[in-house]
Amino acid sequence: MNVLLLGGGGREHAIGLALRKSARLDTLFVSPGNPGLADVARLVVLDLANHQAVVDFCRLMQIGLVVVGPEAPLVDGLVDDLETAGLKAFGPTKAAAMLEGSKGFMKDLCSGAGIPTAAYARFTDAARAKTYLAEKGAPIVVKADGLAAGKGVTVAATRAEAEAAVDRIFDGGFGEAGRAIVIEEMLEGEEVSFFALCDGKVAQAFASAQDHKRVGDGDTGPNTGGMGAYSPAPIMDAALVARVMDEIVDPTLAAMAARGAPFKGVLFAGLMITSEGPKLIEYNVRFGDPETQVMLPRLEDDLLDLMLACAEGRLAKRALRFSPDTALTVVLAAKGYPGTPETGSEIRGLAEAAAMPCVTLTHAGTKRDGLRLLANGGRVLNVTGRGVDVAEARQRAYAAVDRIDWPGGFCRRDIGWRALRR
Ligand code: AMP
């Protein structure tokens, strides 16, 4: 079967490597891809906003499955247009992608279905929002309703900070995403990323991970897209997984189907494990980055088979096979990230790093310039180590990081600290 994978980050490189293991795969096409994916797939140039062009390409190349990596094409309805054209896709329709596309939609769905989440209210004007803030006090969380590339959330320690966040969102800086806001209770506990595969009716627990969002060691400094992650999350034992499926994922699938928007693809639940049990912070409607880089290397089932079963509505309720080991990934970022990254610096030593035992390298923001490999973005490379536990996986990942010669980059040196302390 020919497959078209859309996206070009470390997540897509990890998906590409996992799809390559499938005996069913013939040609893997990727758009736009990256220099790492170029080694395992054929890169093609497609305008993802032009859905007809994607459909035409799929027909020409007899694509049996389209795998959509990032959220923007999903929220934009690419899967709807592919399915209308008779093509198969792994990912939700536009209506189902609202779980990520609108925080207000997600919160209303949870409250209707009795899914545990933070208490909240929705607003479309600043004055009412501020009256509510005055009633509730701080700490409190203020969120732009729509997609804001991870920058729309403020966990405010004071009322003044919360009011400033309300003004910032309504000032227009977030465009459409900032036309409405959600204000919610601050949850306390340990944060976990949990993933379930879904075929519209059936959800199957996939895997868990924990990431490090802050740029600096000790979880300090500004938020980023994620500076490292490990899987599984030690806190997610079998009982907690069962509870999350029963109380959060299964009721979500039922509520979406009842609304005529059955959810297909991978549901990524951002959870807070509170003293009262798991509560939903947010949903994403695609794989996480960098969580995918630590989950997929552990998967022992055939990813292409699973994705096809989701697309075709025939996912079986059975436990998936994962290796019992731990994977830990360290993100290498260009200096300046998460502000303006310095691009164009040369990266050397990747072959030596990749040859280290139990290590996988995935590319995110890199580009080739002849024989040289250059930094071309904020998050540039992921170095993933595997081992019997977090300590061994981490030791292997950092041993490989230390083989990479890239003065223009940096990484955190403490990925996995929380798990190690357990
Ligand atoms: P989100 O974009 O909704 O994932 O929010 C980004 C981050 O803000 C989350 O990963 C949490 O660390 C934090 N956050 C969001 N909502 C809450 C909440 N209600 N309570 C505590 N932390 C939150």
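**Pocket, rings and charges**

Modeller: This is a predicted model. Its second largest pocket holds about 340 Å³ of space.

Colleague: Which residues lie closest to the centre of the second largest pocket?

Modeller: They are F206, A207, M236, V241 and F322, out of 16 lining residues.

Colleague: Which element gives the most to the lining of the second largest pocket?

Modeller: Strand β11 does, with five residues. Both β11 (203-211) and α9 (238-258) supply at least two residues each. By class, the lining has eleven nonpolar, two polar and three charged residues.

Colleague: Now the rings. How many aromatic pairs are there?

Modeller: The count is seven.

Colleague: Why is the pair of F29 and F57 called edge-to-face?

Modeller: Check the distance, then the angle. The ring centres are 5.4 Å apart, and the cut-off for a pair is 6.5 Å. The planes stand at 85°, and over 60 degrees counts as edge-to-face. So the pair is edge-to-face.

Colleague: What makes F29 and F57 a link between separate parts?

Modeller: F29 sits in strand β2 (residues 28-32) and F57 in helix α2 (residues 51-60). These parts are 28 residues apart in sequence, so the pair ties them together. Both F29 and F57 are buried.

Colleague: What makes the pair of F195 and F268 tilted?

Modeller: The centres are 4.4 Å apart, with 35° between the planes. Stacked needs under 30 degrees and edge-to-face needs over 60. An angle of 35° meets neither limit, so the pair is tilted.

Colleague: Where in the chain do F195 and F268 lie?

Modeller: F195 is in strand β10 (residues 190-199) and F268 in strand β15 (residues 264-274). They are 73 residues apart.

Colleague: How do you know whether F195 and F268 are buried or exposed?

Modeller: Buried means under 20% relative accessible area. F195 has 0%, so F195 is buried. F268 has 6%, so F268 is buried too. Ring pairs also join F195 and F268 to F90, F206, F287 and F322 in a cluster.

Colleague: What lies over the face of W417?

Modeller: R418 does, at 5.3 Å from the ring centre.

Colleague: On to charges. How many salt bridges does the structure hold?

Modeller: It holds 32.

Colleague: Why is D108 with R122 called a salt bridge?

Modeller: The closest N and O atoms are 2.5 Å apart. The limit is 4 Å. So the pair qualifies as a salt bridge. D108 lies in helix α6 (residues 103-113) and R122 in strand β6 (residues 120-123), so the bridge ties together parts 14 residues apart in sequence.

Colleague: What makes D108 and R122 partly exposed?

Modeller: Partly exposed runs between 20% and 50%. D108 is at 29%, so D108 fits. R122 is at 41%, so R122 fits as well.

Colleague: How do K213 and D211 compare with those cut-offs?

Modeller: K213 is at 36%, so K213 is partly exposed. D211 is at 14%, so D211 is buried. Their salt bridge has its closest N and O atoms 3.5 Å apart.

Colleague: What makes D325 with R386 a link between separate parts?

Modeller: D325 lies in the loop between α11 (303-312) and β17 (326-334), and R386 in strand β22 (residues 379-387). The parts are 61 residues apart in sequence, so the salt bridge ties them together. D325 is buried at 17%, while R386 is partly exposed at 23%.

Colleague: Which residues do shared partners join into one network?

Modeller: E346, R348, D369, R372 and D405, through salt bridges.

Terms used
Residues are numbered from 1 along each chain as its sequence is written. This is a predicted model: local features need pLDDT of at least 70, side-chain atom pairs count only at pLDDT 80 or more; totals for chains, interfaces and linings use all residues. Side-chain values use heavy atoms; hydrogens and water are left out. Rings of Phe, Tyr and Trp (its six-membered ring) pair if their centres lie within 6.5 Å; planes under 30 degrees apart count as stacked, over 60 as edge-to-face and the rest as tilted. Helices (H or I, at least four residues) and strands (E, at least two) are DSSP runs, numbered from the N terminus. Buried means under 20% relative accessible area, exposed over 50%, partly exposed in between (1.4 Å probe, protein chains only). A charge sits over a ring if NZ of Lys or CZ of Arg is within 6 Å of the ring centre and within 35 degrees of the ring normal. On a 1 Å grid over the protein atoms alone, a cavity is a set of points where a 1.4 Å probe fits but cannot get out, and a pocket is an open set with protein on both sides within 12 Å along at least five of seven lines; lining residues have an atom within 4 Å of a point. Grid points are joined across faces, edges and corners, and a volume is the space filled by probe spheres set on the points. Ala, Val, Leu, Ile, Met, Phe, Trp, Tyr, Cys and Pro count as nonpolar, Asp, Glu, Lys and Arg as charged, and the others, Gly among them, as polar. A salt bridge is a side-chain nitrogen of Lys or Arg within 4 Å of a carboxyl oxygen of Asp or Glu.
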